[in-house]
Amino acid sequence: MSKVKYYYDSETLSYKKIEQKKGRRLGIILLSITGSFLGGFILLMIYLNIPQIETPKEKALKRELHNMELQYGLLNKKMDQIQDVMANIEDRDNNIYRLYFETNPIPEEQRRAGFGGINRYKDLEGFDNSKLIIETSKRMDVLTKRLVVQSKSLDEIAELAKEKGALLSAIPAIQPVNNEDLSRIASGYGWRTDPFTKVKKFHYGMDFTAPRGTPIYATGDGTVVRADSRSTGYGNHIRIDHGYGYTSLYAHLYKYNVRRGQKVKRGDVIGFVGSTGRSEAPHLHYEIFKDDQRINPINFYYGNLSPEEFDKVLEKAQRENQSLD
């Protein structure tokens, strides 16, 4: 029951009941509603703008989440480095080891293939960092598969090596001149500027600068099949048949140290550097043939170069400079 209010009338010396007007009552009600709404709005804005107070558990989870994101970032960087190393191993496997043993290279799509069929990463979906976790998991799975494929390939190469000891002795596997400081490489295999015409021309071998009379070595066991100057542009040159489809060529010689039909071993001195034939300066032009097709000699120096030295030789040979013949 609402309280009844009275006021004292001094004229009648009595108390009279206070009668409230209906309009005033409605105004008070509206004012109360408006005040409640404004108060609630102000409290909401204060709540939204004041930083929430985190519990110790929330703080620990937040730190753990931040650390997880950091670790996944570091993991991805490490995988980038591992993939670079893996790519180098795969390249050597296809272009050196498998080439040496006359077996087919492993296709790129087979090495880098993902996993089809069911969604292997369904359990990782639905989280704030699902995309980061799933992408990292995919990269790790593909890298693991590449390692398995490469391991099987090396097992195959090992079996071939047991049967082909003679092949390893025959394949050209050293540099044809003494190049311990790796400073003698003047031009590599590929498009180069011709020293006489000054136009781009495909250079099918490697040029080694050396003074006239510098010894030239057989790069693998074999038989000398040519030691003459009857080939256009090469001047005095030697060709060695190593068997298994391999032939090496040494051009622009000053003089010979072998004759046609002679058997040679890897490392034997077969001639001396000169500048005969189509040559701009004393140097050795060196080529390798496989089944009568010229191939890049850069892949055949594994016999006397460390991985670091090979990388330096590769960098020098890839420069698009001017050849010497």
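Which residue in E5 does Arg-192 stand opposite? The first legend below answers this for a predicted model.

**View 1. The hairpin of strands E4 and E5 in the predicted model.** Strand E4, covering residues 190-193, and strand E5, covering residues 200-203, are paired in the antiparallel sense over 4 bridges. Within this pairing, the residue that Arg-192 faces in E5 is Lys-201. The two strands form a hairpin in which 6 residues lie between E4 and E5, and one residue of the turn, Lys-198, has a positive phi of about 65°.

**View 2. Strand E6 and its pairing with E3 and with E14.** Strand E6, made up of residues 206-209, pairs with strand E3 (residues 185-187) in the antiparallel sense over 2 bridges, and in this pairing Asp-207 of E6 stands opposite Ser-187. E6 also pairs with strand E14 (residues 283-290), again in the antiparallel sense but over 4 bridges, and here Thr-209 is set opposite His-283 of E14.

**View 3. The open sheet E7-E13-E11.** Three strands, in the order E7-E13-E11, form an open sheet with antiparallel pairing. Strand E7 (215-217) and strand E11 (253-256) stand at the edges, and because each has a single partner strand, one side of each is left without a neighbour in the sheet. From one strand to the next, the twist averages 35°. E7 is joined to strand E13 (residues 269-273) by 3 bridges, the two running antiparallel, and Tyr-217 has Val-269 as its bridge partner in E13.

**View 4. The largest nonpolar core, with Leu-284 among its members.** This core holds 31 residues, of which Tyr-250, Ile-270 and Leu-284 touch the most other members. At least two residues of the core are supplied by each of E6, strand E9 (237-243), strand E10 (246-251), E13, E14 and helix H6 (307-317). When neighbours within four places in sequence are left aside, Leu-284 is in contact with a set of residues that includes Pro-176, Val-177, Met-206, Phe-208, Ile-216, Tyr-250, Leu-253 and Val-273; Asp-207 and Ala-251 also belong to that set.

**View 5. The buried and exposed sides of helix H6.** Phe-310, Val-313 and Ala-317 are buried in H6. These three residues lie on the same side of H6 because they cover an arc of only 65° around the axis. On the other side of the helix, by contrast, Glu-308 and Lys-312 are exposed.

**View 6. Leu-168 in helix H5.** Helix H5 spans residues 165-170 and contains Leu-168, which has a relative accessible area of 31% and is described as partly exposed because this value falls between the limits of 20% for buried and 50% for exposed residues. Although Leu-168 and Asp-221 are 53 residues apart along the chain, their C-alpha atoms are separated by 9.2 Å.

**View 7. The span annotated as a coiled-coil region.** According to UniProt, in an unreviewed entry, the feature "coiled-coil region" is placed at residues 58-92. In the model, this span is 100% helix and 0% strand, and its end C-alpha atoms lie 51 Å apart.

**View 8. The chain as the setting for the close-ups.** The chain has 6 helices and 15 strands, and buried residues make up 34% of its 325 residues. Among the contacts in the chain between residues at least 6 apart in sequence, 65% join residues that are at least 24 apart.

Key
Residues are numbered from 1 along each chain as its sequence is written. This is a predicted model: local features need pLDDT of at least 70, side-chain atom pairs count only at pLDDT 80 or more; totals for chains, interfaces and linings use all residues. Side-chain values use heavy atoms; hydrogens and water are left out. Buried means under 20% relative accessible area, exposed over 50%, partly exposed in between (1.4 Å probe, protein chains only). UniProt positions are given in the numbering used here, feature names are shortened, and annotations may be inferred rather than shown by experiment. Two strands pair if DSSP finds at least two bridges between them. Axes are lines fitted to C-alpha atoms, for helices over the stretch in contact, and angles run from 0 to 180 degrees between N-to-C directions. A nonpolar core is a set of buried Ala, Val, Leu, Ile, Met, Phe, Trp, Tyr and Cys residues joined through side-chain atoms within 4.5 Å. Contact means heavy atoms within 4.5 Å. The arc is that of the directions from the helix axis to the C-beta atoms.
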